[in-house]
Amino acid sequence: MASFGIHLAIAEEYLKCHPKENRQEFIKGTIDVDLATDKIKSHYTGTTNHDNLIEFLNKKVVLEDYVSENEISTSYDRGYFLHLLTDYYFYTTFFDREWLESIDYHQFKQILYQEYPVLTHFINSTFKIEYPDIIEKYNYQINGVNKILTETKVNRFIQKIANLNIENIYAFIKNKQISSSENNLKT
């Protein structure tokens with residue numbers, strides 16, 4: 001998963017362009033995904049195993065499953081969906097494929113969790129993030145330089161995701177499902 005810092009930075013940048021959102025509800029939706037007891041359910045993770053890291057990451061968030069079961073009619077819903085979009089794009093576009101092919105799941109996880117505290121320092125100083133009390137313990141930061149989660153790459157990722165039109169993405173996925181089900185009805 002992307003760190004709480006990444007999620008909060010994206011949410012705050014998104015909210016700057018969408019001032020009509022209820023900030024408190026949007027942020028709650030953004031963080032509740034990772035506070036759930038069953039993260040497989042909350043992230044709509046597809047069935048897979050850790051043997052093939054790239055396949056595992058590609059199924060870490062199945063957006064179609066979320067869209068088929070949920071609407072995004074409230075600020076909370078849109079915050080939740082933005083969290084899922086963030087994780088989806090983080091797992092499927094952020095990392096260099098060659099690097100992913102050279103490591104296994106446990107190495108991947110270890111590297112991320114080693115680099116998150118350095119990243120938190122950068123995010124907090126750049127985006128002036130305020131952590132809700134319930135996740136303040138994740139606001140652990142150290143100085144350093146990351147090799148994978150570099151400041152430049154993370155900053156570009158945050159800006160890219162924060163500027164997504166989540167309503168259009170949701171509608172596209174929903175319409176794709178409707179078209180698919182209509183094609184299945186044809187004889």
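This is a short conversation about reading a few residues in a predicted model.

Colleague: What should I know before I start?

Modeller: Local features here need pLDDT of at least 70 and side-chain atom pairs count only at pLDDT 80 or more, while totals for chains, interfaces and linings use all residues. Residues are numbered from 1 along each chain as its sequence is written, and side-chain values use heavy atoms, with hydrogens and water left out.

Colleague: Is S75 buried or exposed?

Modeller: Buried means under 20% relative accessible area, exposed over 50%, and partly exposed in between (1.4 Å probe, protein chains only). S75 counts as buried because its relative accessibility is 10%.

Colleague: Which side chain does S75 join through a polar contact?

Modeller: A polar contact is a pair of N or O atoms within 3.5 Å; within protein, one must be able to donate a hydrogen and the other to accept it, and residues adjacent in sequence count only if both atoms are side-chain atoms. Here the side chain of S75 meets that of E21 at 2.5 Å. The S75 side chain also reaches the backbone nitrogen of N22, at 2.9 Å.

Colleague: And how far from D77 is the nearest side chain of opposite charge?

Modeller: Lys and Arg count as positive and Asp and Glu as negative; His and the chain ends are not counted. A salt bridge needs a side-chain nitrogen of Lys or Arg within 4 Å of a carboxyl oxygen of Asp or Glu. D77 is buried without a salt bridge, and R78 is the nearest candidate at 6.4 Å. The D77 side chain does reach the backbone nitrogen of S73 at 3.3 Å.
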